[in-house]
Structure formats: C-alpha cells, structure tokens
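Me: I should like to work through one part of this structure by question and answer. Please keep the reasoning explicit.

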Amino acid sequence: MSLPCVTKTFMLLGHCVPCLKHGASKFKVKRLELDNNLLMYFPKHEFVYAHDPEKLCKTGDIAIIELLPEKLTRLITHKVKEVVYKFGDVTDPLTGKKVIVGRYRENIDAVNKVYGEREKAFRYEKAPPRGWQEDKKDFTHVETHIKYHESGKDDPYAV
Amino acid sequence: MPFMKGVAPIRRTLKYLEAGRLILKDQIKIFTVNYNVIGKHHAGTKDFVFWYLPQIQYKNPHVQIATLKNLTPTPFIRCFYETGDQMIIDVDSKSKEEIYEHLIQVVGKTKGVLKAEAIAKEKTDNPANFGALCDRHCICEILGQVPCPATCPVPKIWRGKYKFQKVED
C-alpha cells in the first residue's frame, strides 16, 4: 500500500535534522508503510522542509509541522507549528515536569543532595540555552563528514 | 498462513488486520505512543504496541502513528487533532486490553457513526441502487418499471383500495 505524498499531508510529526537553509528547518518524518506481501508495517523515512523564521527547532527536537496554504519555495511546503519534545530538555506533558528518560529531574536532584553534589556538576537551571557552543564544540546544526586526508583547505565541518 | 515466520505471525494475517476495532475520528492526524522499553508499568503499553498497532494503522491509513521510546518516566498516548488540540491519555500500569477499550471509547468512532458511514458508502458504491442518496430517487425512474403514479394513474384492479374494500367509483 502506498502512502499519501508527504508534501501534501496536512499535519506531520517530524524529527529535526541539520539544515543549512536560512529560515527553514529540515524534518525527518517516519511513517509506517504496509508491505503487501508480508502484510507487515515497515518505517519509511521522508524529508520535509518547514518554514521556521525564528529557528525554534534545533537538531534533535521533535516537532509538529503543518502544511502551508501555499508553498513558500519549491521545497518549503510546511511550517513549524509546535516543538513537542525539545532535545535534552524533555517536559513530561502529563505532569509538566522536566524529565530525563525514566526519571524526573527533581528526583535526581533530591538523590544527589543526599549523596552530596559535585561543584562542577551540570546544573540545568544555570546552563545557558542550547546553541552557545555552536561552531566551537557543538556541530549538530550542520552535516559533518569524516576527513580522510589533509587537503590543506580549511574545512571546519570535517570531523 | 504462508511465510509465517517471526514472533506472533498472526499479526500479519489479513483476517487479524481486518478485525481491528479502533477507527480513529477523522480529525486525528497523528497518534503517538510514548513508553519505555524496561519498566513493569510500561509492560501493558509495550504489549499494546506489539499487538494492536498494526490493526490501528491498517484501519487508519491516513494517520501518522509514531512510537517514541525512552523519553518520559510514565507511558502515555498522545493524539494530535487537525484543529491543533491534543489529547493525552495516561496508560500507566494498564493492560493492553484496558488501553484498547479505553481508546475505542474516547478517540474511536462510535458504532452509530460507523453504521451511517457504511450505509453511505454502500449507497454511493452500487449504481443500481435508488433512494435517498442515489442518482434515482424512486423505482418509477428506472427503465422497465411502472411509471410514476403521480403522472399516470395505476389501473384500479392493481390498487388495494379497490381490490379489498370493493370501493365503487
């Protein structure tokens, strides 16, 4: 069974991936496609460009994207509606508290207080927002590649 | 069941897929299930995804179904509506049957709606049908049938009024 076209679907849940376009974010949309012979659903990844002028979405965020009434460019067909889960800073929708996988942050802090906190430990409240180390240590906003030889040219995104 | 390899291959039979009971309301575009891989209170949701997700996706081919694992401590199901609303259903420590029944009650189309849709589909499907939602409103419009009594009256011998009550004109 063939899935309806991604670029025409009204609402999608996408995973943000690196994108170099200005004012746009690229999203990886995973939908289940039925294999007619095995009668089994397999994930199919498609890429969608969404209009994001304030760059709300960073790589790794999970967001809802909505179809634009008219395409902005040939590729930008959707716009970012809402960031559902921020990368590294997930908020549990049921309780509204910050979580890290299977534990609440406040629980982790309480346990740490009993054991004794380290001075250099990472503190979420005092940490600056994501992006201050971009181009210095954080290279998630671009697609990096492995450098196999020194060509002499300065290539900051070659890891 | 040919090519029935793997864990619980019955999930891959047409009969099983067709037997799905949860048909999501038209407004729901995205259906996400959040759960952890380990955890006793997540076991019911994990089983729900294993058994019922193929059925739900089969009956709702236009809904994007996503499973997000290991994000939050408690499992939940989140539905995103076209209007922008969200429905969050807490499924902590619930069994797969409980979750399924609850979903049918809350986000599934009611039996009445499904019946009406089936009737509407049937009526538009078969061109030979006549009646309320079809091309021809009455049997008198069909070739070879008795013309409409509104235009040419039916012979008195055929009318029950004259046959049984012996009304003299």
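Me: Over residues 37–110 of chain B, how far apart are the end C-alpha atoms?
Reply: The model is a predicted one. An unreviewed UniProt entry annotates residues 37–110 of chain B as "domain: Ribosomal protein/NADH dehydrogenase". Over this stretch the chain is 39% helix and 23% strand, and the distance between the end C-alpha atoms is 32 Å.

Me: Does B:Tyr52 count as buried or exposed?
Reply: B:Tyr52 belongs to helix H2 of chain B, which spans residues 43–59. The cut-off for a buried residue is under 20% relative accessible area. Because the relative accessibility of B:Tyr52 is 14%, this residue counts as buried.

Me: Which residues does B:Tyr52 touch, not counting residues up to four places away in sequence?
Reply: Contact requires heavy atoms within 4.5 Å. With residues up to four places away in sequence not counted, the residues that B:Tyr52 touches are B:Tyr16, B:Asp47, B:Lys96, B:Glu97 and B:Tyr100.

Me: Why are the buried residues of H3(B) on the same side of the helix?
Reply: Helix H3 of chain B, residues 96–107, has twelve residues and reaches 16 Å from its first C-alpha to its last, close to the 16 Å expected. Its buried residues are B:Ile99, B:Tyr100, B:Leu103, B:Ile104 and B:Val107. They lie on the same side of H3(B) because they cover an arc around the axis of only 135°.

Me: Which elements of chain B do the buried residues of H3(B) pack against?
Reply: One of these buried residues is B:Tyr100, which B:Tyr52 touches. B:Tyr52 lies in H2. The elements of chain B against which the buried residues of H3(B) pack are H2 and strands S1 (28–35), S3 (76–81) and S4 (86–90).

Methods:
Residues are numbered from 1 along each chain as its sequence is written. Chains are lettered from A and ligands numbered from 1 in the order in which they are written. This is a predicted model: local features need pLDDT of at least 70, side-chain atom pairs count only at pLDDT 80 or more; totals for chains, interfaces and linings use all residues. Side-chain values use heavy atoms; hydrogens and water are left out. UniProt positions are given in the numbering used here, feature names are shortened, and annotations may be inferred rather than shown by experiment. Helices (H or I, at least four residues) and strands (E, at least two) are DSSP runs, numbered from the N terminus. Buried means under 20% relative accessible area, exposed over 50%, partly exposed in between (1.4 Å probe, protein chains only). The expected span of a helix is 1.5 Å times one less than its number of residues. The arc is that of the directions from the helix axis to the C-beta atoms.
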